[in-house]
Structures are given as structure tokens and as C-alpha cells.
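Subject: Structure handover

Hello,

I am passing a structure over to you. Please open it first, then read my notes alongside.

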Amino acid sequence: MQQPHTQDHAAVLDTAVPIISAQGVDKWYANNFHVLKGISLEVHRGEVVVLMGPSGSGKSTFIRTFNALEAYQKGRIIIDGTELTPKMKNVEAIRREVGMVFQQFNLFPHLTVVENVMLAPMEVRGWSKSQAKSIAGELLERVGILNQAKKYPGQLSGGQQQRVAIARALAMQPKIMLFDEPTSALDPEMVREVLDVMRNLAQSGMTMVCVTHEVGFAREVADRIVLMADGQIVEEATPDEFFSNPKHPRSQQFLSQILS
Amino acid sequence: MQDFTLANILANLLIATRWTIALSAIAFFGGGIVGFIIMLMRISPNPIIRTISLIYVEIFEATPLLMQLFLVFFGISVLLGLNLSAWAAATIALTTYSSAFLADIWRGSVEAVPRGQWEASRALGLPYIKQLKRIILPQAVRMSIPSTVGFAVQVVKGTSLASVIGFIELTRSASSISNVTFQPFLVYSMAALIYFCLCFPLSLWSKHLEKKFSYEG
């Protein structure tokens with residue numbers, strides 16, 4: 001009886017350890033602008049967290065510290081048990097496990113859609129071409145772009161490009177997905193196709209941190225809404241609480257602006 | 001005194017043209033190799049390496065090629081006690097000159113690749129060398145081809161300066177022939193025509209490439 005008990009205990013502990021843990025993170029830009037002011041946030045496996053807040057509040061900068069695209073000066077960030085430090089040797093090992101989707105898609109224009117998706121698994125994970133091709137095919141099918149696999153990104157619409165970008169990030173089989181305003185650069189009629197892909201991804205159990213202003217998506221998909229303002233987290237709540245009964249005046253002000 | 005026919009003059013000029021072409025080719029490809037290394041230094045994350053390469057580029061860009069030729073030709077013999085041939089001096093001077101300009105052209109192209117391309121490849125976990133090789137350089141090369149070919153024209157014309165240190169190429173040969181024939185206008189016109197025939201196709205090609213790459217995206 002002793003053995004199963006300890007296993008259960010270990011499993012409980014494992015899920016209790018957040019996969020993303022930011023503790024008192026401070027960041028100043030080169031011009032001394034204090035963009036992150038002692039932020040702490042924990043994200044657990046399988047959780048979907050939506051970061052909202054006015055522009056300039058530091059949301060994007062904050063999630064970009066999770067894969068070390070941005071450095072920070074004080075505090076700690078621990079991703080899946082590994083602390084990100086300025087002098088760390090193998091930052092690529094973290095980035096492999098953290099997928100990112102950008103506002104401007106950032107697809108590689110000189111590669112075809114399928115090559116965009118295959119590149120990192122081959123170059124970083126060392127997969128064979130056929131392995132990479134088969135997973136790229138699966139992912140492109142999942143995001144509904146398989147019939148465009150041989151085209152170049154410039155030949156696709158914005159919504160299609162963003163779905164390819166999601167497939168490209170997923171091809172690395174990351175443990176965490178970061179979305180940095182993924183629909184902000186899209187024409188309105190293309191927002192939905194991207195949100196649908198994100199919604200399916202959330203339902204599959206992916207850990208996601210999304211910076212977005214899509215209220216419908218946040219309400220339906222998020223486990224937790226985090227509101228940032230002036231480099232600080234001012235409110236953390238479930239979508240129900242947040243949208244129906246925001247507590248902080250900054251949240252109320254923000255919601256009145258985006259919902260009007 | 002020997003009479004020079006038009007065909008005679010042309011034949012002599014064309015023989016010397018071989019050396020113009022050879023010197024241009026060596027300077028361009030040698031300059032390309034050195035220039036590629038300098039370009040990598042220019043975009044290095046290390047500020048000391050960046051500064052060293054910047055100084056290198058600025059020195060060669062901000063002094064006349066003619067001075068560089070003199071300094072290599074006379075300087076190396078004074079400083080190192082070596083007697084450098086005109087051929088070697090011209091090769092060294094034109095290679096370093098080309099390397100500085102090509103490094104600058106290519107650095108500009110690398111910097112014209114949007115920052116998001118670096119970020120996306122970093123976010124996927126690609127190490128720096130692979131980011132450069134697979135993502136940044138392929139895009140930079142496309143952008144730099146027109147200006148690189150355009151610079152080849154400058155190199156061909158630049159080789160004419162090697163005549164002043166006694167290297168016998170097209171210009172030097174033209175001046176020798178005109179000294180004998182007393183027909184400088186005719187001889188230099190023919191030399192100019194030969195330069196034109198070398199450079200004009202290059203410059204047309206450069207313009208064609210510029211159009212070709214600007215329409216693709």
C-alpha cells in the first residue's frame with residue numbers, strides 16, 4: 001500500500017508546481033523606463049491565462065520574458081523547473097519548450113508554408129525530413145491549411161498566415177504556448193478562424209498565456225484573466241468574476257473602454 | 001618607326017584587358033570572402049568585435065583607393081623590407097577595398113531583414129548560427145544581389161588605378177600605346193569602349209536583378 005500512496009502524492013506535487021512562475025519581476029528599458037514593476041504570476045499545467053490591459057501596460061514585454069526574448073533585471077522566472085538567468089548557457093533548451101505566436105506572424109518569407117513548419121523540428125530537434133514532414137502535415141491539417149502547404153507565406157491571407165504560425169510553433173511540441181496579440185493585425189473577418197484554432201488548442205489541454213483583447217475568447221476559454229496596468233498586475237480573476245464584477249477601478253475603467 | 005593599325009592597337013589593348021579582368025575577379029572574390037567575415041563581425045553581438053570591424057570599414061571607405069594602392073605598394077616595402085610586385089600590391093589593395101564595401105553592403109542587407117525574423121527563429125530555439133544560416137542570410141542575400149553586382153562595376157573601374165604603380169592592365173597599356181602612336185584620343189577612346197563593354201552588361205544585370213527582387217515578396 002505504501003508504494004501507490006507515494007506515487008499519488010508525487011503526482012499531486014507535480015501538478016501543484018506551476019509550469020510558469022514569475023516572482024517579483026522588474027524590468028527597465030535602456031531608457032530607464034520601468035516597464036515591469038515587481039510582477040508575480042503563476043501558471044499551472046493545462047491552464048489558459050488571458051492577459052489584458054491598456055497598451056503600454058507591459059503585457060507583451062511580460063510574456064516575452066517567459067522565453068527570454070526580453071531580459072529582466074530583478075526577480076525570478078522559472079519555466080518548467082528551470083530558472084531563466086541572464087548568463088544561462090542553454091537558453092535554446094527553454095525556447096524549444098515554449099512556443100510563441102506573434103502579432104505580425106513573422107513567418108519565414110523565403111520558405112514555403114510546409115517548410116516553415118518543418119524547419120525547427122529538423123534544425124533544433126534533429127528530426128528526419130520525413131518525420132518533420134509528417135508532423136507538419138498533421139498540424140497544417142489541424143489548422144486547416146494543408147491545401148496551401150506548397151505556397152509561400154506572401155500568397156496567404158493574414159488569418160491563414162497566423163494559423164501557419166501557430167502550426168509552426170506547435171511543431172516543436174512545446175509545453176507552453178504564448179500568444180502575443182495574435183489577432184490584432186488581422187482584418188476583422190479573419191479573427192475568428194484564428195481564435196477557433198486557439199480554442200481547439202486550449203481544449204486539447206495546452207498551457208496557454210495569451211495577450212489579447214478578444215473578450216469573447218477570454219470569457220469562453222480562459223481559466224483566469226489577469227489585468228495589467230502600468231507594469232503591474234491589478235486584478236486576477238475568473239472570467240465570470242472579471243467581466244461581471246471587476247473589483248479594481250483600473251479593471252472597471254479598462255472594461256468600460258473595450259466593451260463600449 | 002613601326003606603324004600601328006587599328007587592329008593592332010585593339011589586339012594589344014585586349015591582351016592587357018585579360019589582366020584587368022583577372023585583377024577584378026580576384027579583388028571581387030577575395031574581397032567577397034574577407035568582406036563576408038567583416039560583415040559577420042559588424043553584426044556580432046560583441047561590441048568590441050563590432051567596433052574593430054567598423055574601424056576597418058571606415059578606413060577603407062573614407063580614403064581614396066589610389067592612396068590605398070600607394071600605401072600598400074610603398075608601405076609594405078618600407079615597413080617589412082619586402083619588395084612587393086605591382087601585381088601583389090594591386091591584389092592586396094583592391095581586395096581590402098572591395099571587402100570593406102561588400103561588408104557594408106551586406107551588413108545593410110542583414111539589417112534590412114525585419115527584427116521579427118530574428119525573434120521568430122529565436123523563439124523556435126534555433127541557435128545563433130542557424131538563425132543566420134537558415135533564416136537571416138537567405139533573405140539578406142536576395143536583397144543584396146543587385147547592389148553586389150553593381151559594386152562589381154566599381155571594382156572593374158577601380159583596377160585602372162593599379163596602372164599608377166606599374167601594373168600593366170588596360171589603362172597602363174593604353175597609355176604605353178598612345179606614347180608610341182601619338183594618337184591618345186583614339187587609343188583612350190578604344191580603352192574606354194572596352195571598359196564600357198565590361199561594365200555595361202554588369203550594370204544592366206544589376207538593374208534587372210533589382211527589378212526582379214523588388215517585385216517578389
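Below is what turned up, taken topic by topic.

Please keep in mind throughout that this is a predicted model.

**The sheet in chain A**

Start with the open sheet of four strands in chain A. Its order is β2-β1-β4-β5, and the pairing is antiparallel. Strands β2 (34-43) and β5 (82-83) of chain A sit at the edges, each pairing on one side only.

Next, look at β1 (residues 20-28) and β4 (residues 74-79) of chain A. Five bridges join these two strands in the antiparallel sense. A:Ile20 stands opposite A:Ile79 of β4(A). A:Asp26 has A:Lys74, also in β4(A), as its bridge partner.

β4(A) then pairs with β5(A), again antiparallel, over two bridges. Here A:Ile79 has A:Thr82 of β5(A) as its bridge partner. The hairpin of β4(A) and β5(A) has two residues between the strands. A:Asp80 in this hairpin takes a positive phi, near 50 degrees.

**The nonpolar cores**

A:Ile79 comes up again here. The largest nonpolar core has 76 residues. Which of them touch the most other members? They are A:Leu51, A:Phe62, A:Phe66 and A:Ile79. Chain B takes part as well: its helix α4 (residues 86-112) gives the most to this core, with ten residues.

Set aside the neighbours of A:Ile79 within four places in sequence. A:Ile79 is then in contact with A:Ile19, A:Ile20, A:Phe66, A:Leu84, A:Ile94, A:Val98 and A:Ile176. Another core lies apart from the largest one and has 53 residues. Among them are A:Leu156, A:Leu186, A:Met206 and A:Phe243. As a general point, nonpolar side chains in soluble globular proteins tend to be buried together.

**Helix α5 of chain B**

This helix deserves a look of its own. Seven of the nine residues of α5(B) are buried, so the helix is largely enclosed by the rest of the structure. The buried residues are B:Gly116, B:Gln117, B:Trp118, B:Glu119, B:Ala120, B:Ser121 and B:Ala123.

What do they pack against? In chain A, the partners are α2 (59-64), α3 (91-95), β6 and α6. In chain B, they are α4 and α6 (128-158). After α5(B) comes B:Gly125, with a positive phi near 90 degrees.

**The cavity**

How many cavities of 30 Å³ or more does a search of the whole structure find? It finds one. The volume of this cavity is about 80 Å³. Its lining has 14 residues. Closest to the centre are A:Gly99, A:Met100, A:Ala169, B:Ala123 and B:Leu124.

Three elements each supply at least two lining residues: β6 (98-101) and α6 (158-170) of chain A, and α5 (115-123) of chain B. By class, the lining has ten nonpolar residues, one polar and three charged. B:Ala123 links this topic to the last one: it is a buried residue of α5(B).

**A:Pro188**

One last residue. A:Pro188 is in helix α7 (residues 188-203) of chain A. Is A:Pro188 buried or exposed? With a relative accessible area of 70%, A:Pro188 is exposed, because the cut-off for that is over 50%. A:Pro188 and A:Gly159 are 29 residues apart in sequence. Their C-alpha atoms are 9.6 Å apart in space.

Over to you.

Best wishes

Methods: Residues numbered from 1 in each chain as written. Chains lettered and ligands numbered in written order. Heavy atoms only, no water. 1 Å grid on protein atoms, 1.4 Å probe; cavity = no way out; pocket = protein on both sides within 12 Å on 5 of 7 lines; lining within 4 Å. Points joined across faces, edges and corners; volume = space filled by probe spheres on them. Nonpolar A, V, L, I, M, F, W, Y, C, P; charged D, E, K, R; others polar. Core = buried A, V, L, I, M, F, W, Y, C linked by side-chain atoms within 4.5 Å. Buried < 20%, exposed > 50% of the residue type's maximum accessible area, 1.4 Å probe, protein only. Contact = heavy atoms within 4.5 Å. Pairing = 2+ DSSP bridges.
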